[in-house]
Amino acid sequence: MSALHELVMPADTLPLLNIERIRREFPILHQQVHGKPLVYLDNAASCQKPQMVIDAISECYSRYYANIHRAVHSLSERSTVAYEGAREKVRAFLNAASSREIIFTRGTTEAINLVASSFGNTSVGPGDEVVITTMEHHSNIVPWQMLCQRQGAVLRVVPIDDAGELIMEEYERLLNERTKIVAVVHVSNALGTVNPVEEIIDLAHAKGIPVLLDGAQSVPHLAVDVQALDCDFFAFSGHKVYGPSGIGVLYGKAHLLEAMPPYQGGGDMIRTVTFAKTEYADLPYKFEAGTPAIADVIGLGAALDWVTEIDLDMIAAHEHELLTYATEQLGQIPGLRLIGTARDKAAVASFVLEGVHPHDIGTILDREGVAIRTGHHCAQPVMERFHVPATARASLAVYNTLEEVDVLVAAVRKVQEWFT
Ligand code: 7TS
């Protein structure tokens, strides 16, 4: 593990992150693409992994790997301790009241599907309503749409304004006695908008409605405290917070999870099975059927240790500086329009360039070594709202630098020169 004092440099006023030292921990960043130094700005899709995470996974497989929970032999015990230790790290990271409220899933998508199926099938009936917003990722739209189709319920959508902020009066207007759940993205992957989730939760709770937060894009950039937020469910993915892919988390308040039926049946989620009747295991195991992604859970634990060691407030401050600079510099390019100009934003600069398809921007930037994402970012309703087929999106992580923003901006200017 890296020593904190090496990652944080003292300064006259505020301590600064030692970005060079941080970058050295990411082996993948030190390579050339098409003969140019890699500038990795596709972090909202998935971010890169520090050596500490790679080592944790490798150590699991090379020293103590075995299936968990089911055996008394030493390797199984060590694996179980490491796996359950990671659950405790997630609990501390989110400040959940109990590790029983932490369920490992394949990612945000599976966490939301779990709630839409298990909570949805039992709590949402014909004529009931589910409230989401225009800026949701497809994984916070489609599971609710499927639920509404199954149950004869209605999906209600909170609109957004031209800056990409939720229209809160419309949200308030949509809440009523038929609303059974509100599911909202904490930070938008397509726009970067940080939603006023405290207010969203307060307004829903005033009417007794539970709230699910999609935290896929918030946990890498903001400190999250589920008890302070008082959200009922919170979902996130390991791979966007410096951890492995294929592993994620559903946090749920214990009393809600206890009342919910299992999402999948199988091994590990039972207490006893007979052909007449199965008794389910206690939380959190009731929702973890089958052999889980053991090494990846342990890798996620290491990633959260890494992020916690640097400090999310420091990460947020660094990324804010980068985003402010990127917004200023990109804004000076004639014909460039930023999509998503909310007052409170995190880590994402989405844009379109007059006369150039975003895919061409992405392809030309790749030739300059710059990795960005182009497309609809699994948020097609956002594209429709802004009347664009797609955007080019640069998204930031703690290891990015102001110099990399300069490379991005120079490359976008080059694209523009080629097309005019
Ligand atoms: N919610 C948000 C806000 C997301 O940004 C994503 C993934 C998901 C949910 C789904 O996460 P998963 O890990 O289950 O796939 N976002 C993106 C993206 O912006 N580009 O690629 C994936």
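## Exercises on a predicted model

At 10% relative accessibility, Leu166 falls in the buried class. Keep in mind throughout that this is a predicted model.

**Exercise 1. Find where Leu166 sits and which residues it contacts.**

Let's start with the chain. Leu166 belongs to the loop between β8 (154-158) and α7 (168-174). Next, check its exposure: Leu166 counts as buried because its relative accessibility is 10%, and the cut-off for buried is under 20%. Then list the contacts, leaving aside neighbours within four places in sequence: Leu166 meets Thr133, Met135, Val158, Pro159, Ile160, Val184, Asn195 and Ile200. Finally, try a distance: Leu166 and Asp42 are 124 residues apart along the chain, and 25 Å separates their C-alpha atoms.

**Exercise 2. Explain why Cys47 forms no disulfide.**

First, recall the criterion: two cysteine sulfur atoms must lie within 2.5 Å. Now look for the cysteine sulfur closest to that of Cys47; it belongs to Cys378, 17 Å away, which is too far for a bond. Over the whole structure, the count of disulfides is zero. As a last step, look at exposure: Cys47 is buried, with a relative accessible area of 2%, and Cys231 is buried at 0% relative accessibility.

**Exercise 3. Compare the span of helix α3 with the expected one, and say what covers its buried residues.**

Take the length first. Helix α3 covers residues 51-64, which is 14 residues. From first C-alpha to last, α3 reaches 19 Å, close to the 20 Å expected at 1.5 Å a residue. Turning to burial, Met52, Val53, Ala56, Ile57, Cys60 and Tyr64 are buried in this helix. Their cover includes α4 (74-94) and α11 (294-310).

**Exercise 4. Describe the nonpolar cores, starting with the largest.**

Begin with the size: the largest nonpolar core has 84 residues. Within it, the residues with the most contacts are Ile22, Leu94, Tyr171, Val182, Phe234 and Tyr242. Helix α11 supplies the largest share of this core, 11 residues. To zoom in, pick Tyr171: not counting residues up to four places away in sequence, it touches Val131, Val158, Val182, Ile200, Leu203 and Ala204. Then move to a second, separate core of 31 residues, which includes Ile333, Val356, Ala394 and Val405.

**Exercise 5. Map the surroundings of the ligand.**

There are 15 residues around the ligand, and Thr109, Asp214, Gln217, Ser237 and His239 come nearest. Now inspect some atom pairs. Ser237 places a polar side-chain atom 2.7 Å from a ligand oxygen. His239 also has a polar side-chain atom 2.7 Å from an oxygen atom of the ligand. For Thr108, a polar backbone atom is 3.4 Å from a ligand oxygen.

How values were computed. Residues numbered from 1 in each chain as written. Predicted model: local features only at pLDDT ≥ 70, side-chain atom pairs only at ≥ 80, totals over all residues. Heavy atoms only, no water. Buried < 20%, exposed > 50% of the residue type's maximum accessible area, 1.4 Å probe, protein only. Helix = DSSP H or I, 4+ residues; strand = E, 2+ residues; numbered from the N terminus. Expected span 1.5 Å × (residues − 1). Contact = heavy atoms within 4.5 Å. Core = buried A, V, L, I, M, F, W, Y, C linked by side-chain atoms within 4.5 Å. Near = heavy atom within 4 Å. Polar contact = N/O pair within 3.5 Å; in protein donor to acceptor, adjacent residues only side chain to side chain.
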